[in-house]
Amino acid sequence: MSAVQGADAVPPDLLEAFTRYEAAIVANDLDTLDASFAPGESTLRGDAAGLLVGHEAISAFRGTRGGVPPRRIERIEHRELGPDVALLVSVSRYATGGTGLQTQVWQRLGGTWLITAAHVTPRPAALDRSIWRTVGTPFLQGAWEGPLAGLTVAVKDLFAIQGYRIGAGNPTYLDGARRESSTAPAVSDLLRGGASLRGIARTDELAYSIAGDNAHYGTPPNGALPGALPGGSSSGPASAVATGQAEVALATDTAGSVRVPASYQGLWGLRTTHGLVPRQGMLPLAQSFDTVGWLTRDGDTLQRVADWCLSYDGSESTESVYGESGRDLPWRFAVPSELLAVVEPDTREAFDGFLAALAARPDAPRVDQVSIGDPEEILAAFRTVQGAEAWRNDGAWVQEHPGALGPAVAARFRAAARVTAQDEAAARSALAPLGERVRGLVADAVLLLPTVPGPAPLRTSGGERVDAVRTATLQLTAPAAVAGLPALSAPLLTVGSLLGPAPVGVCLVARADTDIALVRLARRLARVADPDHAAAPTGGTTA
């Protein structure tokens, strides 16, 4: 370090601690990195993704990041802040080009220099490949005028765009795909409304996941909770919106792929009525449940998108739902008691507090407890039909490309391959009355429940933890899919987590074809529940 500009001004023992820490970063030596930060709940680390508070949260984040590219320190500035307290600002130059900036407060504690606060400014990234497959400014220009003018859209890599291939979150699939001869109507509707495409965003492999990780391209960042999973399979477009790189995500929802990332990242997310938005040009997973949806950072933007895309004027191929959505939904909610039993204790406490605050308002809605049935029974039948259809859609490709899938998705397809025709027929017979039961509950009310069991899991969570969360999550999300109903997740809860305060969505499920009215209702609910913050955009970075 003696050749580094400014190093001679740094006390030798502090320079030694800094040098040891820098070497550990490049080597991804997690033990040394943990030992370099002061213990306790007041230690801070921030970067463009957000702020981490407490040694435990910082340590959990480091386990997900991996090492940094090779770099060298070329300059250090040292300022003494007080006895045994110093500020170090260093400039790093990467072997592959570009510079970064590290700002650290060091304190001598028990005779050892430790970091008590740090902020990292990395070199500018031209493209986050975990979020984007391809991106532009814009990638495709929409109409110059229209109700969506000024909005940019991240398109999930399942939709056809003329001249481009569908990649479905897998490089082998992308390599073998043909170029599309036309653009999917769900994309064209947004372009005609004045929105422009920001780019094609990543998805979990073949959309068969709800975690948001991808074995080939990396895991997109969680824009609301750094170090946590982003939620899938619409992980890429959701992260693009949550991190401020687009205003709208065009996504799909089979078993919760709009609602889960919306909840994990503090976004508004709408799963539309099954079959309402055309699915031509959209790669299927399970046609009995697949539907189109959108994610935004605020309810007003979601209303703009729904009003346009679900109206006569907005869509060339969608049958307008203004007949149903022109009328307001009842100011009455039904809470499914069996589904509340699935959520984590902290989420249940936050949801109960939300209901109590709602009841205390002068314009409080009516809220009743209802029975929806056994969530395990609903999920078992759903998974069987989903698996059968997924195998019919993708089984031949999976067999022709052994080893092309990541381990978790490959295991899912192995299970799907074992579904027999008799299994599928029995599951479909079971789904019919289950769907009717759910549709009956929303005939004169709107279902209200937590979107997911709890905050987004850590990116370092083990397989058993992720599997348990996945099962509980699907028990909450499957009923709307089984019934083919519109469902909206709004970021109305905050729950504590290891990484700090975390968003958890509240989900509203309404009768078919009331999608536009459902967005209006959710916005009204947000205003009543928190009138000071309901209009403010949510999501984005926390730094």
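**Exercise 1. State the volume of the second largest cavity and describe its lining.**

*Solution.* The second largest cavity holds about 50 Å³ of space. This value, like every other one below, is computed from a predicted model.

Step 1. List the lining. The residues around the second largest cavity are Arg 259, Pro 336, Leu 339, Ile 372, Leu 447, Leu 449, Leu 476, Thr 477, Pro 479, Ala 480, Cys 507 and Val 509.

Step 2. Assign residues to elements. At least two lining residues come from each of strand E15 (446-450), helix H15 (463-483) and strand E17 (502-509). Helix H15 gives the largest share, four residues.

Step 3. Sort the lining by class. Ten residues are nonpolar, one is polar and one is charged. Arg counts as charged, and Arg 259 belongs to this lining.

**Exercise 2. Describe the largest cavity in the same way.**

*Solution.* Step 1. Begin with the count: the structure contains two cavities of 30 Å³ or more. The largest cavity has a volume of about 60 Å³.

Step 2. List the lining. The largest cavity is bordered by Ala 207, Tyr 208, Ser 209, Ile 210, Thr 254, Ala 255, Ser 257, Leu 285, Gln 386, Arg 470 and Leu 474.

Step 3. Sort by class. This lining divides into six nonpolar, four polar and one charged residues.

**Exercise 3. Characterise the surroundings of Ser 209, one of the residues lining the largest cavity.**

*Solution.* Step 1. Locate the residue. Ser 209 is found in the loop that links strand E9 (196-201) to helix H6 (235-242).

Step 2. Judge its accessibility. The relative accessibility of Ser 209 is 7%; buried means under 20%, so Ser 209 counts as buried.

Step 3. Name its contacts. Leaving aside residues up to four places away in sequence, Ser 209 touches Asp 204, Gly 232, Ser 233, Ser 257, Arg 412 and Arg 470. Of these, Ser 257 and Arg 470 also line the largest cavity.

Step 4. Look for a polar contact. The side chains of Ser 209 and Asp 204 make one, at 3.1 Å.

**Exercise 4. Examine three salt bridges and decide whether each partner is buried, partly exposed or exposed.**

*Solution.* Step 1. Recall the principle. Side chains of opposite charge can pair when their charged atoms come close. The whole structure has 26 salt bridges.

Step 2. Take Glu 74 and Arg 72. Their closest N and O atoms are 3.8 Å apart, and the cut-off for a salt bridge is within 4 Å. Glu 74 is partly exposed at 25% relative accessibility, and Arg 72 is partly exposed at 49%.

Step 3. Take Arg 178 and Glu 180. Their side chains form a salt bridge with an N to O distance of 3.5 Å. Exposed means over 50%; Arg 178 has a relative accessible area of 55%, so Arg 178 is exposed. Glu 180, at 15%, counts as buried.

Step 4. Take Arg 348 and Asp 352. Here the N to O distance of the salt bridge is 3.3 Å. Both residues belong to helix H11 (residues 345-359), where they stand four residues apart, about one turn of the helix. Arg 348 is partly exposed, with a relative accessible area of 33%, and Asp 352 is partly exposed, at 35%.

Step 5. Identify a network. Arg 332, Arg 366, Asp 368 and Asp 444 are joined into one network by salt bridges that share partners.

How values were computed
Residues are numbered from 1 along each chain as its sequence is written. This is a predicted model: local features need pLDDT of at least 70, side-chain atom pairs count only at pLDDT 80 or more; totals for chains, interfaces and linings use all residues. Side-chain values use heavy atoms; hydrogens and water are left out. Buried means under 20% relative accessible area, exposed over 50%, partly exposed in between (1.4 Å probe, protein chains only). On a 1 Å grid over the protein atoms alone, a cavity is a set of points where a 1.4 Å probe fits but cannot get out, and a pocket is an open set with protein on both sides within 12 Å along at least five of seven lines; lining residues have an atom within 4 Å of a point. Grid points are joined across faces, edges and corners, and a volume is the space filled by probe spheres set on the points. A polar contact is a pair of N or O atoms within 3.5 Å; within protein, one must be able to donate a hydrogen and the other to accept it, and residues adjacent in sequence count only if both atoms are side-chain atoms. Contact means heavy atoms within 4.5 Å.
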